[in-house]
Amino acid sequence: MFRHVAVIGAGAAGLVVGHELLREGHTVVVYEKGEQVGGSWIYTSETESDPLGVDPNRYPVHSSLYKSLRVNLPRELMGFQAYPFVARNDEGSVDLRRYPGHEEVLRYLQNFAREFGVDQVVRLHTEVLNVRLVDSNKWKVKSRKKDDVVEEETFDAVVVCNGHFSVPRLAQVPGIDSWPGKQMHSHNYRIPNPFQDQVVILIGHYASGLDIKRDLAGFAKEVHIASRSVADETHEKQPGYDNMWLHSMVERANEDGTVVFRNGRVVSADVIMHCTGYKYNYPFLETNGIVTVDDNRVGPLYKHVFPPVLAPGLSFVGIPQKVIPFPFFELQSKWIAGVLSGRIVLPSQDEMIEDVKAFYSKLEASGKPKRYTHIMDYPQLIEYTDWLAAQCNCQGYEEWRKQMAYSAFKNAFITRPGTYRDEWDDEHLVAEANKDFIKYTSNKSK
Ligand code: FAD
């Protein structure tokens, strides 16, 4: 059974979905509002007209990359299973490092799209405006091209891959509305130079916050990091820096420009930068309330992919966070492609609804707030990807990949937080990965 499938977005998720759907024999249109494929990995120096990303009429910018960004996962781990992310001079690698800069990832994704012919089914400059169910099992996709021509096309299924790192979430800080300094979200951070001699407070100490604090330290007068995962009394000078401190959370901001931390410290600051993550956002999706976003829970979704009532016609790739994104998207894509052709059978609607309910109850019982619904820890990630592989009857994460995920996380967050991109001790796993890659790199298009 072959279907006509619309994919929304040509970032890493949309490209690998496109590839897996084509491999399965479906016909595919990948809609992409931008002018090239690669999604988040297309760096731009442009920023939004509202640096906090709140104004609904702001000029939107999709990518959240900063100029200095190097990947935070080793390339062996990061690449698709069917197309390893190896450094290849003959394919125009621009950065051979194990943790390369962002340009190398864009090159890799664009090569992937070309190599597997996915670029042939991408419609660039075409923004999806509306997606809705018609006639109980067909989907209408309304889109607008660059020349403002609006079109509608009917599909058997829609896969949503529009990314979720573009719409900022902000920290709630008492008194912030009358605080006179400049506020922004890391989505609009590009380079450190404009922060020369300023006192900057970063709220949030994960992925972007960890990188941006080091970027800023060479320019700003002082960098103060507010973290919600440390004890209230925390006030620690950061090793290797004489102008950077880690604090507990911000308690309030005052009209006189000062900011008070829970540890009692008071800092007079020029800038507050929210490094506090992003919101899921599906402005084009019309499901009569069947799929909602509530406190960053997209739901109900069976295994983070299929809304039970609309399955298999509607699906989402790439919603979970703290995963190994590209090969994760690849496994979800294989599952969707197989389900759409009827090769893989989903449980009944009732069973899927029960499964989602049980999952939500488990989260609640463990005290996790809704906004953690799609955040996976290491054991959940391995369990989930093994489960997907079993559904698809395909290769799950290889043993070296599982071990490397663990060693890379440990290196980045515990052993060498400041230098993990240049020092590591899992060479034996790199060797195993490279041995494994030979079967793909010597005969890639099969
Ligand atoms: P995106 O790459 O965001 O692609 C979505 C696409 O959908 C875009 O091209 C967009 O233009 C398009 N689109 C959106 N709406 C519409 C519409 N209505 N109509 C048509 N097209 C639309 N991951 C890693 O593996 N390693 C890293 O080191 C890493 N570092 C990161 C650093 C930062 C700062 C951020 C923000 C993310 C990082 N990630 C990293 C995660 C990264 O975002 C994912 O790896 C992956 O690129 C996400 O792919 P995606 O396809 O889901 O979304």
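# A walk from salt bridge to salt bridge

Start by selecting arginine 262 and aspartate 232, whose side chains meet in a salt bridge, with 3.8 Å from N to O. The two partners come from distant parts of the chain, 30 residues apart. Arginine 262 sits in the loop between strand S15 (258–261) and strand S16 (266–268), while aspartate 232 belongs to the loop between strand S11 (222–226) and strand S12 (235–237). Now switch on the surface. Arginine 262 is partly exposed, with a relative accessible area of 44%, and aspartate 232 is partly exposed too, at 41%.

One thing to keep in mind as you click around: this is a predicted model.

**Zoom out for the whole chain**

Show everything as a cartoon. You'll be looking at 446 residues, with nine helices and 22 strands along the chain. Draw a box around the C-alpha atoms along the principal axes and it comes to roughly 65 × 50 × 50 Å. How does the radius of gyration fit a compact globule? For 446 residues, such a globule would have a value near 22 Å, and the chain has 22 Å, so the two agree.

Colour by burial next, and 53% of the residues count as buried. The contacts tell you about the fold as well: among those with a separation of 6 or more, 64% are between residues 24 or more positions apart. On the outside, the chain exposes about 19900 Å², and carbon and sulfur atoms supply 49% of that area.

Try colouring the charges, too. There are 51 positive and 58 negative ones, and their mean positions lie 2 Å apart.

**More salt bridges**

How many salt bridges does a search of the whole structure find? It finds 26. Side chains of opposite charge can pair when their charged atoms come close. Here are some to visit.

Select arginine 123 and glutamate 153. Their side chains form a salt bridge of 3.0 Å, N to O. This one links two strands: arginine 123 lies in strand S3 (residues 122–123) and glutamate 153 in strand S6 (residues 150–155), so the pair ties together parts that are 30 residues apart in sequence. Arginine 123 is partly exposed, at 27% relative accessible area, and glutamate 153 also counts as partly exposed, at 22%.

Now pick aspartate 95 and arginine 97. The closest N and O atoms of this salt bridge are 2.8 Å apart. Is each partner buried or partly exposed? Aspartate 95 is buried, with a relative accessible area of 12%, whereas arginine 97 counts as partly exposed at 39%.

For a group of three, select Glu20, Arg23 and Lys334, which are linked in a network of salt bridges.

**A stop at the end of a helix**

Next, find helix H5, which covers residues 325–341, and click on serine 341. This serine counts as buried, with 11% relative accessibility. What does serine 341 touch, leaving out residues up to four places away in sequence? Its contacts are Met1, Glu24 and His26, so show those three as sticks to see what surrounds serine 341.

**Backbone oddities to finish**

Hide the side chains for a moment and go to aspartate 295, in the loop between strand S20 (292–294) and S21. Although aspartate 295 is not a glycine, its phi is positive, about 50 degrees. Step along to asparagine 296, in the loop between S20 and S21. Asparagine 296 is not a glycine either, yet has a positive phi of about 65 degrees. Turn the surface back on to compare them: aspartate 295 is partly exposed at 38% relative accessibility, and asparagine 296 is buried at 9%.

Carry on to the peptide bond between glycine 299 and proline 300. It is cis, with omega about -5 degrees. Proline 300 is in the loop between strand S21 (297–299) and strand S22 (314–316). Where is proline 312? Proline 312 is also in the loop between S21 and S22, and the peptide bond leading to it from alanine 311 is cis, with omega near 0 degrees.

Notes: Residues are numbered from 1 along each chain as its sequence is written. This is a predicted model: local features need pLDDT of at least 70, side-chain atom pairs count only at pLDDT 80 or more; totals for chains, interfaces and linings use all residues. Side-chain values use heavy atoms; hydrogens and water are left out. A salt bridge is a side-chain nitrogen of Lys or Arg within 4 Å of a carboxyl oxygen of Asp or Glu. Buried means under 20% relative accessible area, exposed over 50%, partly exposed in between (1.4 Å probe, protein chains only). Helices (H or I, at least four residues) and strands (E, at least two) are DSSP runs, numbered from the N terminus. The radius of gyration is taken over C-alpha atoms; the globule rule is 2.2 Å times the number of residues to the power 0.38. Contact means heavy atoms within 4.5 Å. Accessible areas come from the Shrake-Rupley method with a 1.4 Å probe; for residues, only the protein chains shown count as cover. Lys and Arg count as positive and Asp and Glu as negative; His and the chain ends are not counted. The place of a charge is taken as NZ of Lys, CZ of Arg, CG of Asp or CD of Glu.
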